[in-house]
Amino acid sequence: MPRSSGQKLKLLYILRFLEQNTDEHHPASTADIISWLASNDIPAQRKSIYDDIEKLCEFGYDIIQVQNRLGGGYYMAGREFELAELKLLVDAVQSSRFITTRKSRSLIKKLEQMAGKHDAGKLQRQVYVAGRIKTENESIYYSIDTIHRAIQGNRQISFQYLDWNLEKELAPRANSEKRVSPWALIWQDENYYLAAYDSSDEVMKHYRVDKMGGVEVRTEARQGVEQFAKVDLAAYTNQIFGMYGGEEEIVTIQFPNRLIGVVLDRFGREADIRRMSENVFRIRVRVMVSGQFFGWLTGIGRDAVIVKPSSVREQYRQWLTDIAKTMDESCQ
């Protein structure tokens, strides 16, 4: 590049070199910096390097000079993220279900660049989570961004709701065209859900974002402000099982005291819990009465007892009976 143009960029090249190649254990000498600049067609003198480093420090960069019998040098001390913070971010990316394998690799590569080449290898970590299956829907990142833009712009969105088919492909379900007013994105059970107001049914509904295709911002203003104002998102997220359909009910369930941790994990610490005796307690909670709710109770077994309402207790009994009947018929 022309000499004048190179001189204008010299500070930026020095900064990049220090960020990518130095740390406390790997300082760069003045000769190293001059050699790097020369490889990028930027001539430099030793004295000018001292002045450039001083200017970068005055601007706020934490560049440390070390001196030793081998000559010492400079290294970038303060970084935007510490190595421990980057490791935490890498673990979160690797273990996240909604981030695809390809996108995980791309994000981790970008995080490695922030660590510098000497620490980048330390970010090549393997996080194993039992039963974790990565999504294959690459468009989820753009869908999330579109939804955020719609919320910030107070606009409705349109999309197609998708389902998996036997070819292992996401395909539009029947009556898949949706137009709703988005109000909040919720992270629950390793998935992103959209809480949105459906003006045609006049209710708040929930959608898995990774099953939303072709998300677009519309020109119409959002609706449902009054309905959304009534929603306590923290309580709602803990109490509505898996965001799936069903009739909403206030249910009282009895558990032995030893299961208090399981119940708090499911419903949160603000749940209405009452001690009934030295051995058992009851929780009064709002849930969507659905197969998923019953499945969770079944996983606990006999220790979970629906006390009331009797209609939900009867639904649970019938649900179990139907499953047993289906199993018997399948084995004949």
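These legends walk through several views of a predicted protein model.

**View 1. The whole protein, before we zoom in.** Start with the overall count: the secondary structure comes to 12 helices and 11 strands. The protein has 332 residues, and 38% of them are buried. If you take the contacts between residues at least 6 apart in sequence, 64% join residues at least 24 apart. As for the outside, the accessible surface is about 20300 Å², and carbon and sulfur atoms account for 48% of that.

**View 2. An open sheet of five strands.** Reading across the sheet, the order is β6-β5-β4-β3-β7, and the pairing is antiparallel. At the edges you'll find β6 (203-208) and β7 (212-221); each has a single partner strand, so one side of each is left without a neighbour in the sheet. The sheet isn't flat-on from strand to strand either: neighbouring strands are turned by 45° against each other on average, direction ignored.

**View 3. Strands β3 and β4, with a helix packed on their sheet.** Here β3 (residues 155-164) and β4 (residues 170-188) run antiparallel, joined by seven bridges. For a pair to pick out, try Q160, which stands opposite E177 in β4. Helix α7 (residues 140-152) packs on the sheet, where it touches β3, β4, β5 (191-198) and β7. The direction of α7 makes about 10° with that of β7.

**View 4. The largest nonpolar core.** This core has 25 residues, and the ones touching the most other members are I147, I157, F159, L194 and M212. Two or more residues come from each of α4 (83-95), α5 (101-115), α7, β3, β5 and β7. Which element gives the most to this core? That's α7, with six residues. There's also a second, separate core of 20 residues, and L259, I283, V289 and L297 are among its members.

**View 5. Helix α11 and its buried face.** In α11 (residues 291-300), the buried residues are F293, F294, W296 and L297. Look down the axis of α11 and these buried residues fall within an arc of 155°, so they line one face of the helix. L297 may ring a bell, as the second core includes it. After α11 comes G301, with a positive phi near 90°.

**View 6. Two residues with positive phi that aren't glycine.** N175 has a phi near 55°, a positive value in a residue other than glycine. You'll find N175 in strand β4. Is N175 buried or exposed? Its relative accessibility is 69%, and exposed means over 50%, so N175 counts as exposed. E202 is also a residue other than glycine with a positive phi, in this case near 60°. E202 sits in the loop between β5 and β6, and with a relative accessible area of 56% it is exposed.

**View 7. A cis peptide bond at P309.** Zoom in on the step from K308 to P309: the peptide bond is cis, with omega near 5°. Where does P309 lie? It's in the loop between β11 (305-308) and α12 (310-331).

Conventions. Residues are numbered from 1 along each chain as its sequence is written. This is a predicted model: local features need pLDDT of at least 70, side-chain atom pairs count only at pLDDT 80 or more; totals for chains, interfaces and linings use all residues. Side-chain values use heavy atoms; hydrogens and water are left out. Helices (H or I, at least four residues) and strands (E, at least two) are DSSP runs, numbered from the N terminus. Buried means under 20% relative accessible area, exposed over 50%, partly exposed in between (1.4 Å probe, protein chains only). Contact means heavy atoms within 4.5 Å. Accessible areas come from the Shrake-Rupley method with a 1.4 Å probe; for residues, only the protein chains shown count as cover. The arc is that of the directions from the helix axis to the C-beta atoms. Two strands pair if DSSP finds at least two bridges between them. Axes are lines fitted to C-alpha atoms, for helices over the stretch in contact, and angles run from 0 to 180 degrees between N-to-C directions. A nonpolar core is a set of buried Ala, Val, Leu, Ile, Met, Phe, Trp, Tyr and Cys residues joined through side-chain atoms within 4.5 Å.
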